[in-house]
Each structure stands twice: as structure tokens, then as C-alpha cells.
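Hello,

Here is the structure I promised to pass on to you. Have a look at it first, and then read on for what turned up.

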Number of protein chains: 2
Amino acid sequence: VTLVCHLAEGERARATVRPVARDEAEVLAANAAFYEAFSSRDITGMLELWSQERDVVCIHPGWQILRGRASVSASWRAILSNPESPRVRAEDARALFLGDTAIVTCAEVLFEGVLAATNVFAREAGTWKLVAHQAGPARTAPATRDDGELLN
Amino acid sequence: VTLVCHLAEGERARATVRPVARDEAEVLAANAAFYEAFSSRDITGMLELWSQERDVVCIHPGWQILRGRASVSASWRAILSNPESPRVRAEDARALFLGDTAIVTCAEVLFEGVLAATNVFAREAGTWKLVAHQAGPARTAPATRDDGELLN
């Protein structure tokens with residue numbers, strides 16, 4: 001990982017001088033916890049990972065858009081209370097940061113195939129909480145990357 | 001739209017006291033411009049909508065994860081230079097805000113069916129620029145909403 005720290009004005013300066021490596025480890029741990037809760041059908045753990053302070057949105061593959069904590073929570077209760085819900089392993093997770101917001105993308109490896117996901121986390125009282133999740137079909141090939149032009 | 005403005009500490013306070021209605025109009029206009037560029041196969045317009053200052057990520061349905069501006073730009077050049085690329089109409093677009101970051105979700109209505117998308121925008125020099133896009137299959141029914149518990 002190449003850290004690019006350059007001084008700019010206002011918000012960007014605050015974002016870029018923060019210790020990015022620690023942020024990255026923390027948000028990737030939160031992302032791993034999401035898939036651990038998913039795979040172990042841990043409803044309580046899943047709901048604790050989602051923000052309780054902010055609005056949230058979730059797009060499960062093939063579902064309608066779910067907006068607001070009540071709809072999102074109900075969807076996870078339905079999915080994780082199903083004894084046939086899939087085991088999901090995250091691979092190739094990478095984070096990019098916008099101040100106190102982190103966008104994590106990763107492959108979701110299921111027995112049935114591979115999805116790709118966008119998981120947006122917000123920092124709340126020192127912990128990273130989910131505010132948005134979308135998963136959808138993806139190609140199984142590894143992610144395409146530029147040659148390290150920026151942080152990720 | 002019910003505006004919930006409450007005072008909190010530091011960043012959250014700054015985020016919540018900002019004039020949200022204007023931000024919402026601006027970011028939804030940027031989201032509409034994205035689908036206009038898509039539908040009119042306007043490569044230059046599409047690439048201008050993406051951030052040039054930050055890292056970016058894009059997940060087209062069925063593709064591998066594309067990380068970094070070069071990979072993302074190449075994908076749009078390939079898609080939009082195809083005379084058979086789909087016309088896409090955005091419906092039911094809604095934004096939620098995390099400081100200078102906005103997460104827009106919407107339905108993407110194509111001739112062939114309906115997708116759902118998560119589009120993340122960052123404010124740069126007063127304009128909203130795309131930093132992340134994912135589209136994937138969705139149900140055609142309208143989005144599910146909580147009863148206005150929060151901003152959106």
C-alpha cells in the first residue's frame with residue numbers, strides 16, 4: 001500500500017493526514033465482521049453492525065431497494081433466520097476513504113457463485129458502521145486495478 | 001421530505017446544519033446527468049462526472065470490480081462506444097448524506113428490465129463527483145421505505 005499524504009485545504013487536508021493504514025485495518029475488520037455475521041446467521045451481530053444514528057440503504061441481489069433501518073433490519077432478520085441462507089466469504093476487500101466515510105468493495109464468494117459488493121461505512125464514536133450495502137452478480141476473475149495511481 | 005436538524009458534536013453537527021434540501025437537489029442533478037451521459041453515449045460527459053481527485057471504484061453488473069480511474073474510464077469508453085449500449089432511465093432516486101459524501105440509490109429502467117444502483121458522490125470544489133457506482137438486478141416493485149424516520 002502506498003500512502004499518499006499531501007496537504008490541501010479544509011476537509012481534504014483533514015482526510016489525507018489521518019493515519020490511513022489504521023483506518024483501513026479497522027474498516028476492513030468491520031467488513032469482515034459483516035460477512036462473519038452473515039455466514040453464522042447472527043442477526044443481533046448483523047443489526048449491531050448497521051448505523052443506528054443515520055439513514056441506511058440496502059440492495060440485496062434481485063430485491064427492491066430497502067431504505068431506512070426498519071426495512072433493512074427486517075430483510076436481515078428474514079435472510080438470517082432462514083436455515084438455508086448462504087455462507088458468504090469475502091475476498092479481495094479494499095477500502096477507499098472520504099473523510100469519515102469508507103467505501104469497501106469486495107468479492108462475495110458463495111457456494112453457488114461469486115457476487116461483488118459495495119459496502120459503505122461511516123465512523124460513529126470511533127467505530128465503523130454500515131450505512132449502505134449492495135451485492136450483485138460479478139465475474140469470478142480478480143479485480144482489475146490501476147497501477148497504484150492512488151491510495152488503493 | 002422531513003428535515004431533521006439536531007445539534008451534535010463536531011462533524012455530525014456540521015453535516016446536519018448544512019442546507020440539505022439544496023444539497024439534495026444538486027446531487028440528484030448530478031445523478032441525472034450520469035444517466036443522461038449513459039443514455040446519450042456521451043463518453044466525455046461521463047468521464048467528467050467521475051472524480052479526478054480521488055480514487056474511484058465501479059461494479060458493472062456481471063463484471064469484475066474495477067478500481068482506479070484508468071480501469072473505470074476504460075470501461076465507460078468500451079460501454080459507451082458500443083452502438084448497442086442500453087438507454088437507461090433513473091427512477092426513484094434518493095440521496096442520503098454523510099458530510100461531503102452523498103449516497104444515491106435509484107432504479108435503472110432499461111428496455112430489457114430493471115436494475116438497482118448505488119452511486120456515491122463526493123463534493124469537490126462545489127460540484128458532486130462520482131467516486132463509486134454499482135448496478136445489479138432488482139425487483140421491479142417500488143422501493144420499500146420506512147415511515148420517514150430519518151431524512152430520506
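Let me start with the surface: chain A exposes about 6800 Å², and carbon and sulfur atoms supply 55% of that area. Please keep in mind that this is a predicted model. Of the 152 residues in chain A, 53% are buried.

As for the fold, chain A has four helices and seven strands, and along the sequence they follow the pattern α-α-α-β-β-α-β-β-β-β-β. Among the contacts in chain A with a separation of 6 or more, 49% are between residues 24 or more positions apart.

Helix 2 of chain A (residues 20-39) deserves a closer look. With 20 residues at 1.5 Å a residue, helix 2 should span 28 Å, and its end C-alpha atoms are indeed 28 Å apart. Its buried residues include A:Val27, A:Ala30, A:Phe34 and A:Phe38, along with A:Asp23 and A:Glu24. What covers the buried residues of this helix includes helix 3, helix 4 and strands 3, 4, 5 and 6 of chain A. Helix 2 is followed by A:Arg41, which has a positive phi, near 55 degrees.

Now for the pair of chains. A turn of 180 degrees with a shift of 0.0 Å along the axis lays chain A on chain B with an RMSD of 0.0 Å. That is the relation of a two-fold axis. The residue of chain A that comes closest to this rotation axis is A:Gly136, with its C-alpha at 2.5 Å. The copies meet through the same surface, because 100% of the interface residues of chain A are also interface residues in chain B.

Best wishes

Definitions and conventions
Residues are numbered from 1 along each chain as its sequence is written. Chains are lettered from A and ligands numbered from 1 in the order in which they are written. This is a predicted model: local features need pLDDT of at least 70, side-chain atom pairs count only at pLDDT 80 or more; totals for chains, interfaces and linings use all residues. Side-chain values use heavy atoms; hydrogens and water are left out. Helices (H or I, at least four residues) and strands (E, at least two) are DSSP runs, numbered from the N terminus. The expected span of a helix is 1.5 Å times one less than its number of residues. Buried means under 20% relative accessible area, exposed over 50%, partly exposed in between (1.4 Å probe, protein chains only). Contact means heavy atoms within 4.5 Å. Copies are superposed by least squares on the C-alpha atoms of residues with pLDDT of at least 70 in both. Accessible areas come from the Shrake-Rupley method with a 1.4 Å probe; for residues, only the protein chains shown count as cover.
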